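Please look over the sequence and the model below before reading on. The paragraphs that follow begin at one residue and work outward from there.

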Amino acid sequence: MSDDFSHLDRAGRATASVARNPRLMVTVSVGIGIVIAWAILGAMAIRGAETRLAGADAPGDTVLRYLPRLPLPDFLDRFFALCLAPAPLAGATGIQALALIVMWFLMAVATMLPSAAPMIRTYCEIADTARIKGEPVVHPLVLVAGYLGTWLVASALFAALTLGVHAFAASGQMLDPAVGIAGALALLIAGLYQFSGLKEACLTKCRNPFSVLFANWSAKPLRIFRLGMEQGVWCLGCCWALMLVMFAVGAMNIFWMALIGLFTLIEKQTTGRMPSRVAGAILLVWATALLLVSD
């Protein structure tokens with residue numbers, strides 16, 4: 001028997017309708033999460049463009065400076081300062097590392113979570129079939145939480161790499177591009193990985209989530225959480241090298257962030273290796289050019 005929400009107001013009925021529909025609830029929750037991540041990253045990109053050192057403009061800075069600067073709460077200003085600081089603040093290295101982990105995690109939510117839509121949709125379809133049969137089903141958000149858990153661990157590694165790169169760089173800001181040999185190395189690794197068998201194996205798993213989800217189906221939340229983490233590992237295997245490109249263009253380059261997110265979505269939705277190989281060739285040419293112009 002369906003629940004009666006007639007005593008609630010319109011907003012209450014809408015909320016109740018979303019809450020009792022797992023597929024709708026996960027769609028709304030994931031959508032809100034992606035929008036919030038892009039909004040925070042966009043605001044940080046604008047702040048970074050405003051504070052960039054003279055003569056060190058990144059692509060798109062001119063456009064970003066013309067965008068309105070929205071009033072932000074103090075904790076966001078502090079968060080941006082920790083991420084954009086030219087050097088670890090005195091006595092606050094741990095806090096800055098935590099801020100960078102959050103920043104990289106927001107980047108993962110913004111760029112990688114949309115490409116996980118086929119996996120989430122497939123799980124919902126299997127769950128709907130199981131629910132019709134009267135079988136217990138774990139909420140799709142548990143799967144999403146596991147997927148994001150993998151990217152949270154990866155974010156910690158990227159944050160450590162950010163601090164390590166900055167320790168040896170002459171860059172004026174924490175998130176400025178790693179120029180010269182460091183930037184070329186990031187592009188070279190990303191380009192070569194696009195041609196690797198491991199990349200292709202991970203991409204195949206991401207493109208065909210049904211067999212993995214169906215074979216590992218469970219009514220236990222912990223197992224579904226682990227299944228989400230495993231799917232996150234396959235996604236990380238596809239995209240970790242592409243994330244290195246952000247070191248070459250600047251970690252807060254919102255335009256490249258959007259381009260990588262779009263490419264990842266296209267790469268997982270298409271068949272064949274052509275998109276990966278084209279991207280790999282472009283990155284290798286770019287790396288070579290950067291090496292040639294480096295001192």
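Gln-231, in this predicted model, touches Met-119, Tyr-147, Pro-209, Val-212 and Leu-213, when residues up to four places away in sequence are not counted. The residue lies in helix 11, which spans residues 221-249. Its relative accessible area is 4%, and because buried means under 20%, Gln-231 counts as buried.

What else does Gln-231 help to line? Together with Ser-115, Ala-116, Pro-118, Met-119, Tyr-147, Cys-206, Cys-235 and Lys-268, Gln-231 lines the second largest cavity, so that Met-119 and Tyr-147, which Gln-231 touches, appear again in this lining. About 70 Å³ of space lies in that cavity, and the structure holds 4 cavities of 30 Å³ or more. Two elements, helix 6 (117-132) and helix 11 (221-249), give two or more residues to the lining of the second largest cavity. By kind, the lining residues divide into 6 nonpolar, 2 polar and 1 charged.

Helix 11 can be followed further through another of its residues, Ile-224. Is Ile-224 buried or exposed? With a relative accessibility of 0%, Ile-224 counts as buried, because the cut-off for that class is under 20%. Leaving aside neighbours within four places in sequence, Ile-224 is in contact with Tyr-123, Val-138, Val-142, Leu-143 and Ser-218. The C-alpha atom of Ile-224 is separated by 9.0 Å from that of His-139, although the two residues are 85 places apart along the chain.

In soluble globular proteins, nonpolar side chains tend to be buried together. In this model, the largest nonpolar core has 74 residues, and the members that touch the most other members are Phe-79, Met-103, Trp-104, Leu-113, Ile-120, Tyr-147 and Trp-151. Helix 11 gives the most to this core, with 14 residues. Tyr-147 therefore links several parts of this account, for Tyr-147 belongs to that group of core residues, lines the second largest cavity and is touched by Gln-231, which is itself buried at 4% relative accessible area.

A wider view of the chain gives these details a setting. The chain has 13 helices and 0 strands, and its pattern, read along the sequence, is α-α-α-α-α-α-α-α-α-α-α-α-α. Of its 295 residues, 44% are buried. Among contacts between residues at least 6 apart in sequence, 78% join residues at least 24 apart.

Two residues of helix 13 come next, and the first to be considered is Ser-276, in a helix that covers residues 274-293. Ser-276 has a relative accessible area of 1% and is buried. Which residues does Ser-276 touch, not counting those up to four places away in sequence? They are Gln-194, Lys-199, Leu-203, Phe-263 and Glu-267. With Glu-267 there is also a polar contact, made between the two side chains at 2.4 Å.

Ala-287 is found in helix 13 as well, and at 1% relative accessibility it counts as buried. When residues up to four places away in sequence are not counted, Ala-287 touches Ala-184, Leu-187 and Leu-188. Ala-287 and Ile-181 are 106 residues apart in sequence, yet their C-alpha atoms are 8.9 Å apart in space.

The last two residues offer another setting, since neither is buried: Leu-198 is exposed, with a relative accessible area of 52%, whereas Thr-93 is partly exposed, with 44%. Why do they fall into separate classes? The reason is that exposed means over 50%, with partly exposed lying between that and the buried class, so 52% places Leu-198 in the exposed class and 44% places Thr-93 in the partly exposed one. Leu-198 is found in helix 9, residues 197-207, and its C-alpha atom is separated by 7.5 Å from that of Gly-237, which is 39 residues away along the chain. Thr-93 is found in helix 5, residues 93-111, and the C-alpha atoms of Thr-93 and Leu-163, 70 residues apart along the chain, are separated by 9.4 Å.

Terms used. Residues are numbered from 1 along each chain as its sequence is written. This is a predicted model: local features need pLDDT of at least 70, side-chain atom pairs count only at pLDDT 80 or more; totals for chains, interfaces and linings use all residues. Side-chain values use heavy atoms; hydrogens and water are left out. On a 1 Å grid over the protein atoms alone, a cavity is a set of points where a 1.4 Å probe fits but cannot get out, and a pocket is an open set with protein on both sides within 12 Å along at least five of seven lines; lining residues have an atom within 4 Å of a point. Grid points are joined across faces, edges and corners, and a volume is the space filled by probe spheres set on the points. Helices (H or I, at least four residues) and strands (E, at least two) are DSSP runs, numbered from the N terminus. Ala, Val, Leu, Ile, Met, Phe, Trp, Tyr, Cys and Pro count as nonpolar, Asp, Glu, Lys and Arg as charged, and the others, Gly among them, as polar. A nonpolar core is a set of buried Ala, Val, Leu, Ile, Met, Phe, Trp, Tyr and Cys residues joined through side-chain atoms within 4.5 Å. Buried means under 20% relative accessible area, exposed over 50%, partly exposed in between (1.4 Å probe, protein chains only). A polar contact is a pair of N or O atoms within 3.5 Å; within protein, one must be able to donate a hydrogen and the other to accept it, and residues adjacent in sequence count only if both atoms are side-chain atoms. Contact means heavy atoms within 4.5 Å.
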